[in-house]
Amino acid sequence: MMKNRVTELLKTEYPLIQGGMAWVAEHNLAAAVSNAGGLGIIGAASAPAEIVREEIRKCRELTDKPFGVNIMLLNPNADEVAKIVVEEGVKVVTTGAGNPGKYMEAWKAAGVAVIPVVASTAMAIMMERAGADAVVAEGMESGGHIGVTTSFALIPQVADAVKIPVIAAGGIADGRGMAAAFLLGAEGIQMGTRFVAAKESIVHAAFKERIIKAKDIDSVVTGTSTGHPVRCLKNRMTKEYLRLEQEGADFMELEKLTLGSLKKAVIDGDVVNGTLMAGQIAGLIKSEESCADIVKGIVNDAEKLLGTSQI
Ligand code: TUI
């Protein structure tokens with residue numbers, strides 16, 4: 001059941017990917033998602049390349065299932081990480097926050113499945129032409145760095161614009177969301193926020209509690225003025241950030257407020273000054289569950305809603 005072009009590409013049981021979240025998507029979470037039948041992802045984020053190599057090796061000790069690596073293209077180490085995934089025999093790469101065109105040839109030659117995360121039809125078409133095997137179409141409901149289009153509008157437009165499979169992301173945290181994404185033309189889903197609050201997630205308990213207690217309107221977008229819009233849960237940091245932005249503060253002044261602030265939230269549990277990256281769907285998440293329960297629950301519910309013949 002649930003076999004389609006995405007499971008064929010990823011060599012997973014289910015067409016469900018975990019987002020490559022900075023600080024959050026480390027080897028324990030990635031292995032747990034892969035062991036649950038999805039595709040776990042190690043988020044290289046801004047980590048030094050050799051740390052990414054270690055994370056890949058640690059993940060391999062915890063699972064014999066496939067997993068992937070996400071390369072965040074604003075990372076100054078991206079070139080080096082791009083080589084390491086090939087050296088370590090990683091079979092799936094997702095990319096975020098930019099255009100991975102320059103790496104495509106080397107990855108394809110090494111048999112890596114390349115899945116860029118895109119926030120527009122133009123980027124999806126460009127990636128298909130460059131040889132991408134699938135795209136993740138990510139709506140602005142997502143946490144972290146986002147585009148401007150909602151999932152409801154983006155997914156069907158990307159699905160019509162390209163022939164390669166589309167994996168939907170942004171605002172999905174249950175079986176209804178997965179089923180809806182499939183009806184909009186997606187053949188897989190990527191989830192981030194739900195996995196931030198998972199049992200196997202190393203995220204500090206105070207951050208998980210903010211997600212579990214979050215309401216629908218509890219996120220804001222900072223950084224629109226700097227060209228790096230980031231969705232996160234409201235706190236003292238976002239209040240101060242948005243105030244400074246409104247006053248026309250320059251990039252450096254705003255940077256001071258967020259330097260190291262994601263680590264503060266994820267590792268130290270500083271929910272006051274940290275950046276609590278999370279999607280709008282946080283309000284739907286009510287408890288901390290294991291990745292196995294999350295994945296099986298979502299897939300079962302989606303199958304019931306869609307009727308197994310559709311997937
Ligand atoms: O990349 C993400 N989400 C992220 S990356 C991140 S780390 C970060 N922290 C602070 C500021 C900036 C980054 C936290 N969350 N999602 C995938 C994604 N990719 N969303 C939007 C895009 C995107 C944006 C522009 C993809 C391509 C793109 O193209 C730009 C171009 O080169 O034309």
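Visitor: Why is D174 called buried?

Guide: D174 has a relative accessible area of 16%, and buried means under 20%, so the label fits D174. Keep in mind that we're looking at a predicted model.

Visitor: And what makes R176 exposed?

Guide: The cut-off for exposed is over 50%. R176 comes in at 56%, so R176 counts as exposed.

Visitor: How do you know that R176 and D174 form a salt bridge?

Guide: Check the closest N and O atoms of the pair: they are 2.8 Å apart. The rule asks for a side-chain nitrogen of Lys or Arg within 4 Å of a carboxyl oxygen of Asp or Glu. With Arg on one side and Asp on the other, the pair passes, so we call it a salt bridge. In general, side chains of opposite charge can pair when their charged atoms come close.

Visitor: How many salt bridges does that rule give here?

Guide: The count comes to 13.

Visitor: What makes E88 and R53 one of those pairs?

Guide: The N to O distance is 2.8 Å, and the limit is 4 Å, so E88 and R53 qualify. This pair links distant parts of the chain. E88 sits in the loop between α4 (78-87) and β4 (92-96), while R53 belongs to helix α3 (residues 49-62), 35 residues apart.

Visitor: Are those two buried or exposed?

Guide: E88 has a relative accessible area of 11% and R53 has 15%. Buried means under 20%, so E88 is buried and R53 is buried too.

Visitor: Which other salt bridge does E88 form?

Guide: E88 also pairs with R57, again with the closest N and O atoms 2.8 Å apart. R57 is in helix α3 and E88 in the loop between α4 and β4, so this pair ties together parts that are 31 residues apart in sequence.

Visitor: Why is R57 called partly exposed?

Guide: R57 has 46% relative accessibility. Buried would need under 20% and exposed over 50%, so R57 lands in between.

Visitor: Back to the surface, then. What makes the nonpolar patch?

Guide: W23, I202 and I267 make a patch of about 260 Å². Patch residues need over 30% relative accessible area. W23 has 43% and I202 has 37%, so these two clear that bar. I202 lies in the loop between α9 (193-196) and α10 (205-213), and W23 is in the loop between β1 and α2 (27-35).

Visitor: What stands out about the backbone of W23?

Guide: W23 has a positive phi of about 70 degrees, although it is not a glycine. Most residues other than glycine have a negative phi.

Visitor: And what about the phi of K11?

Guide: K11 isn't a glycine either, and its phi is positive, about 60 degrees. You'll find K11 in the loop between α1 (5-10) and β1 (16-18). At 65% relative accessibility, K11 is past the 50% mark, so it counts as exposed.

Visitor: How big is the second largest pocket?

Guide: Its volume is about 220 Å³. Of the 13 residues that line this pocket, E141, S151, F152, G170 and G171 are the closest to its centre. The elements that give two or more residues to the lining are α7 (151-161) and α8 (175-183).

Visitor: What kinds of residues make up that lining?

Guide: There are 7 nonpolar, 5 polar and 1 charged. E141 is one of the lining residues, and Glu counts as charged, so E141 is the charged one.

Visitor: Where does Q157 lie, and why is it called partly exposed?

Guide: Q157 is in helix α7. Its relative accessibility is 46%, which falls between the 20% and 50% limits, so partly exposed is the right label.

Visitor: One more: how do you know that T63 is buried?

Guide: T63 has 5% relative accessibility, and the limit for buried is under 20%, so T63 is buried. T63 lies in the loop between α3 and β3 (67-72). The C-alpha atoms of T63 and V33 are separated by 9.6 Å, although the two residues are 30 residues apart along the chain.

Conventions
Residues numbered from 1 in each chain as written. Predicted model: local features only at pLDDT ≥ 70, side-chain atom pairs only at ≥ 80, totals over all residues. Heavy atoms only, no water. Patch = residues over 30% accessible without salt bridge, like charges linked within 9 Å, V, L, I, M, F, W, Y side chains within 5 Å. Areas by Shrake-Rupley, 256 points an atom, 1.4 Å probe, with all protein chains shown as cover. Helix = DSSP H or I, 4+ residues; strand = E, 2+ residues; numbered from the N terminus. Buried < 20%, exposed > 50% of the residue type's maximum accessible area, 1.4 Å probe, protein only. 1 Å grid on protein atoms, 1.4 Å probe; cavity = no way out; pocket = protein on both sides within 12 Å on 5 of 7 lines; lining within 4 Å. Points joined across faces, edges and corners; volume = space filled by probe spheres on them.
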